[in-house]
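Trainee: Could you take me through the labels on this model and show me where each one comes from?

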Amino acid sequence: MLTTALIFFPIAGALFLWIVPWPTQRAAGGAALLVALAELILWVNRALNFDYGNPGLQDEASHSWFSDLGVSYSVGLYDFSLWLVGLTVVVTTAAVAYGFWSGRERMGVYLGLLLFLE
């Protein structure tokens, strides 16, 4: 379940940044930074509760989308992929923080694209 949240939370944050009309660029940047920091907190929570003694797949989520076509959604974390996800989350948070600090034009669009990329 938490793995699914790590995937879809930044996408929801990006859509939120693109849809809401922000009164200032700083407000859009602050919202993007909050989304990135919340994503970082989700990952730290997952890393602290991870069973490192278990070499198998953990936090697995699997759902059948179109059973007639054999299309399904299946995610999970191994011990090495947990750290790759963490690297992605930390770098994205740093990139969003720098984008907010630099004061770019059309900040909501730019930072929304960064979150969508994550």
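Mentor: Sure, we'll go label by label, setting values against cut-offs.

Mentor: First, this is a predicted model: local features need pLDDT of at least 70, side-chain atom pairs count only at pLDDT 80 or more, and totals for chains, interfaces and linings use all residues. Residues are numbered from 1 along each chain as its sequence is written, and side-chain values use heavy atoms, with hydrogens and water left out.

Trainee: What makes α3 antiparallel or parallel to α4?

Mentor: The axes of α3 (residues 79-102) and α4 (residues 107-117) come within 10 Å and cross at roughly 175°. Angles under 35 degrees count as roughly parallel, over 145 as roughly antiparallel, 65 to 115 as roughly perpendicular and the rest as oblique. That makes α3 roughly antiparallel to α4. The axes are lines fitted to C-alpha atoms, over the stretch in contact for helices, and angles run from 0 to 180 degrees between N-to-C directions.

Trainee: Which residues of α3 and α4 meet?

Mentor: From α3 you get T92, A95, V96, G99 and F100; from α4, M107, Y110, L111, L114 and L115. Contact means heavy atoms within 4.5 Å.

Trainee: Why is the F16 and W22 pair given its label?

Mentor: Rings of Phe, Tyr and Trp (its six-membered ring) pair if their centres lie within 6.5 Å; planes under 30 degrees apart count as stacked, over 60 as edge-to-face and the rest as tilted. F16 and W22 are 5.5 Å centre to centre with 85° between the planes, which is edge-to-face.

Trainee: And what is the label for W18 and F116?

Mentor: Their ring centres are 5.8 Å apart and the planes sit at 45°, so this pair is tilted. W18 lies in α1 (residues 2-19) and F116 in α4, so the pair ties together parts 98 residues apart in sequence.

Trainee: How do you know whether W18 is buried or exposed?

Mentor: Buried means under 20% relative accessible area, exposed over 50%, partly exposed in between (1.4 Å probe, protein chains only). W18 has 36%, so it counts as partly exposed. F116, with 45%, is partly exposed too. R106 has 58%, so R106 counts as exposed.

Trainee: What is notable about the phi of R106?

Mentor: R106 has a positive phi of about 50° although it is not a glycine, and it lies in the loop between α3 and α4.

Trainee: Where does R104 lie relative to Y110?

Mentor: Over the ring face, at 4.0 Å from the ring centre. The call requires NZ of Lys or CZ of Arg within 6 Å of the ring centre and within 35 degrees of the ring normal.

Notes
Helices (H or I, at least four residues) and strands (E, at least two) are DSSP runs, numbered from the N terminus.
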